[in-house]
Amino acid sequence: MTVVPAEGAPGGEVFVPLDTGADTFQARIIGRSRLAITAIYWLAWLLFSRRTVAGTSIQRELEALGIGALRLVMSSALLLGLIAIFQVAYQLKGYGAEALSISAIAWFGARELAPVAVALLVVARSAASIAGELASMRTNAEIDALRAMGLDPVKYLVAPKLAALVIALPALTILADGLFTLGGWIGSSVFLGFGTSFFAEQYRLAFQLRDLIIGLVKSILFAFIIALVASDEGINVENRVAAIGEAATRAVVLAVLGVLAADTVVNAVFYFIPSFV
Amino acid sequence: MTDDLALEVQHLTGPTGAPVLFDVSMSVPYGRTCVVLGPIHSGKTVLLRHIVGLEAGSSGTIVVDGEDFDARGESEVVLRRMRTRLGVVFQGSALINRLTVLENVELPLLEHTSATAQEAREVARELLSAVGLQAAGAAIEETSCAHLDRAAQRRVALARALALRPAVLLLDEPTLGLDSHSAAELDHTLERLQDTSGFSVVIFSHEVRHAFGRVDRIFVMVKGTMIESGTRETLQKSQHDMVRRLLNRRGAA
């Protein structure tokens with residue numbers, strides 16, 4: 001068996017020494033950027049390679065991060081649909097425009113509420129576990145072992161998680177879109193007294209395919225943010241046991257903020273540059 | 001540099017910024033077994049991490065299998081080339097717990113060789129057999145490493161470290177946490193594998209019990225400095241109390 005020359009990922013060293021002071025922030029930004037570039041590189045690489053163990057890891061991550069979140073996302077989306085229809089109908093009741101609540105469901109369900117809700121649910125469920133898992137691997141020297149074998153930890157640990165989330169989040173968002181609408185229909189027909197055909201007609205008039213597409217694009221963006229923020233927090237953890245919990249907490253906080261900040265930027269772009277879509 | 005050296009550390013000081021090692025030098029001939037002996041926090045693991053390129057030093061050179069590497073840091077591509085010539089068994093084994101036993105051993109083969117998945121699997125099975133895990137058969141191959149006992153984990157780590165047929169095998173406290181029977185079996189396995197494959201062995205340890213009969217040279221490290229080196233016989237006559245204490249520590253006989 002011959003040993004072939006090693007291939008190098010573009011990002012190079014992604015582990016940034018943890019210090020205090022001004023250099024830390026800059027170093028973390030550089031480190032996080034390198035992590036993102038390297039992870040995206042390996043993500044593309046994984047699509048075309050079937051030889052590596054990392055490929056089979058995607059399946060495991062999909063089960064853990066995607067299928068594992070099904071019940072949470074499905075039940076939450078259904079409830080959010082009910083909450084949304086009640087809340088909007090309640091606000092519009094004074095104007096005699098309760099029927100507009102159905103249009104509202106169609107307006108912001110697919111484009112805004114479903115992708116953001118799914119992203120936040122996945123953050124709540126998985127960001128801490130991603131960061132905790134990688135942090136514990138770091139403290140157990142598993143990441144050092146990978147590097148000592150000349151293996152890139154980003155390829156074997158981060159890229160499969162990123163791949164799984166990039167697949168799972170849009171899929172969960174589509175599911176959430178459906179259940180959010182179902183919750184709206186249940187609320188409007190059972191509790192507000194609108195007929196099914198009226199709901200369907202109002203929904204059809206308000207719903208636009210581009211809203212669904214924008215929601216899915218957002219979910220992919222959120223997948224990148226969640227995977228990279230949580231992985232970065234875990235993989236760069238300090239080598240002490242208490243740091244694992246701190247990294248998990250930081251991962252959740254930063255991923256939530258990251259998702260909301262990205263959503264704000266996207267919405268601002270669509271608002272100020274209407275011709276963008 | 002000498003041609004018959006599998007590993008040579010020349011005037012290593014590091015890590016950068018907060019040095020723990022001070023002008024450390026050592027050399028390991030091909031096919032020989034050496035022990036870096038020192039008390040806890042003497043810098044043994046830091047030295048191992050420098051040799052593997054996990055830490056960057058402020059000065060020094062590491063020579064692995066005839067090729068020089070700058071201890072101050074090399075590119076990832078150069079480090080990967082160096083790491084294929086080194087096998088490392090970390091303290092606590094450091095197996096990838098989320099992977100099965102077989103997948104752990106396959107990892108370096110799939111990454112660094114042109115072996116197909118099937119070939120890598122066969123080689124991994126041979127390695128597991130060579131380290132004495134063949135008795136458990138297919139059941140253990142598909143077991144997650146997290147579910148193995150400490151002795152079995154150490155053997156899997158050994159199989160993984162030998163996957164690329166390294167010139168030098170580095171073991172950090174290989175028998176730490178093992179009962180005396182398991183430790184002796186691991187020593188025996190290591191000696192047998194060294195006989196058949198001819199790799200050099202460097203054991204980083206606070207005692208010289210394991211592989212004792214095999215040790216050609218002992219490097220004594222205290223507070224990041226190599227204070228003395230030699231055979232057990234010569235070191236027994238050392239003027240340093242610490243050296244004699246370490247050599248005569250319980251379990252050294």
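In which loop of chain B is His41(B) found? The answer is the loop between β3 (33-37) and α1 (44-52). Keep that spot in mind, because this predicted model has a few backbone surprises in chain B, and His41(B) is one of them, with a positive phi.

## Helices of chain A

Let us start with chain A. Its secondary structure comes to 9 helices and 0 strands, so reading from the N terminus you meet α-α-α-α-α-α-α-α-α. Of its 277 residues, 48% count as buried. If you take the contacts in chain A between residues at least 6 apart in sequence, 84% of them join residues at least 24 apart.

How do we talk about helices that touch? Two packed helices are described by the angle between their axes and the distance between the axes. Helix α4(A) is a good one to follow, and three of its pairings are listed here.

| Helix pair | Angle | Axis distance | Crossing |
|---|---|---|---|
| α3(A) (70-93) and α4(A) (100-139) | about 140° | 9 Å | right-handed |
| α4(A) and α7(A) (196-206) | about 40° | 8 Å | right-handed |
| α4(A) and α6(A) (153-191) | about 145° | 8 Å | right-handed |

Take the pair α3(A) and α4(A) first. With an angle of about 140°, these two helices are oblique to each other, because angles over 145 degrees would be needed to count as roughly antiparallel. On the α3(A) side, the contact includes Leu72(A), Val73(A), Leu80(A), Ile85(A) and Leu92(A). On the α4(A) side, residues taking part include Leu100(A), Ile105(A), Leu113(A), Val118(A), Leu121(A) and Arg125(A). By class, the residues of this contact divide into 17 nonpolar, 3 polar and 1 charged.

Now turn to α7(A). At about 40°, α4(A) and α7(A) are also oblique, because an angle under 35 degrees would be needed to count as roughly parallel. Here Ile102(A), Ser103(A), Ile105(A), Ala106(A) and Trp107(A) of α4(A) meet Phe199(A), Gln202(A), Tyr203(A) and Ala206(A) of α7(A). This contact has 7 nonpolar residues, 2 polar ones and no charged ones. Notice that Ile105(A) is listed in the contact with α3(A) and also in the contact with α7(A).

The third partner is α6(A), whose crossing with α4(A) is right-handed. The contact of α4(A) with α6(A) has 17 nonpolar, 6 polar and 2 charged residues.

## The nonpolar core

In soluble globular proteins, nonpolar side chains tend to be buried together. In this model, the largest nonpolar core has 160 residues. Which element gives the most to this core? It is α4(A), with 20 residues. The residues with the most contacts inside the core are Ile226(A), Ala251(A), Ala255(A) and Val168(B), so the list names residues of both chains.

Look at Ala255(A) in the structure. Not counting residues up to four places away in sequence, Ala255(A) touches Val123(A), Ala127(A), Ile225(A), Ile226(A), Val229(A) and Ala230(A). One of these, Ile226(A), is itself among the residues with the most contacts in the core.

## Loops of chain B

Most residues other than glycine have a negative phi, and most peptide bonds are trans. Three places in chain B are worth a look with that in mind.

His41(B) has a phi near 65°, a positive value in a residue other than glycine. Is His41(B) buried or exposed? It is exposed, because just 11 other C-beta atoms lie within 10 Å, and 12 or fewer is the cut-off.

Asp65(B) also has a positive phi, of about 50°, although it is not a glycine. Asp65(B) sits in the loop between β4 (59-64) and β5 (67-70). With 16 C-beta neighbours inside 10 Å, Asp65(B) counts as partly exposed.

The third place is the peptide bond from Gly14(B) to Pro15(B), which is cis, with omega near -5°. Pro15(B) lies in the loop between β1 (5-14) and β2 (21-29).

Finally, visit Ala167(B), in the loop between α6 (150-161) and β7 (168-172) of chain B. Ala167(B) is buried, because 20 other C-beta atoms lie within 10 Å and 20 is enough to count. Leaving aside neighbours within four places in sequence, its contacts are Ala6(B), Val64(B), Asp65(B), Arg85(B), Phe199(B) and Ser200(B). Ala167(B) and Gly87(B) are 80 residues apart in sequence, and their C-alpha atoms are 7.9 Å apart in space.

Notes: Residues are numbered from 1 along each chain as its sequence is written. Chains are lettered from A and ligands numbered from 1 in the order in which they are written. This is a predicted model: local features need pLDDT of at least 70, side-chain atom pairs count only at pLDDT 80 or more; totals for chains, interfaces and linings use all residues. Helices (H or I, at least four residues) and strands (E, at least two) are DSSP runs, numbered from the N terminus. Two residues are in contact if their C-beta atoms, placed from the backbone, lie within 7 Å. Axes are lines fitted to C-alpha atoms, for helices over the stretch in contact, and angles run from 0 to 180 degrees between N-to-C directions. Angles under 35 degrees count as roughly parallel, over 145 as roughly antiparallel, 65 to 115 as roughly perpendicular and the rest as oblique. A crossing is left-handed if the near helix is turned anticlockwise from the far one by less than a right angle, and right-handed if clockwise. Ala, Val, Leu, Ile, Met, Phe, Trp, Tyr, Cys and Pro count as nonpolar, Asp, Glu, Lys and Arg as charged, and the others, Gly among them, as polar. A nonpolar core is a set of buried Ala, Val, Leu, Ile, Met, Phe, Trp, Tyr and Cys residues joined through C-beta atoms within 7 Å.
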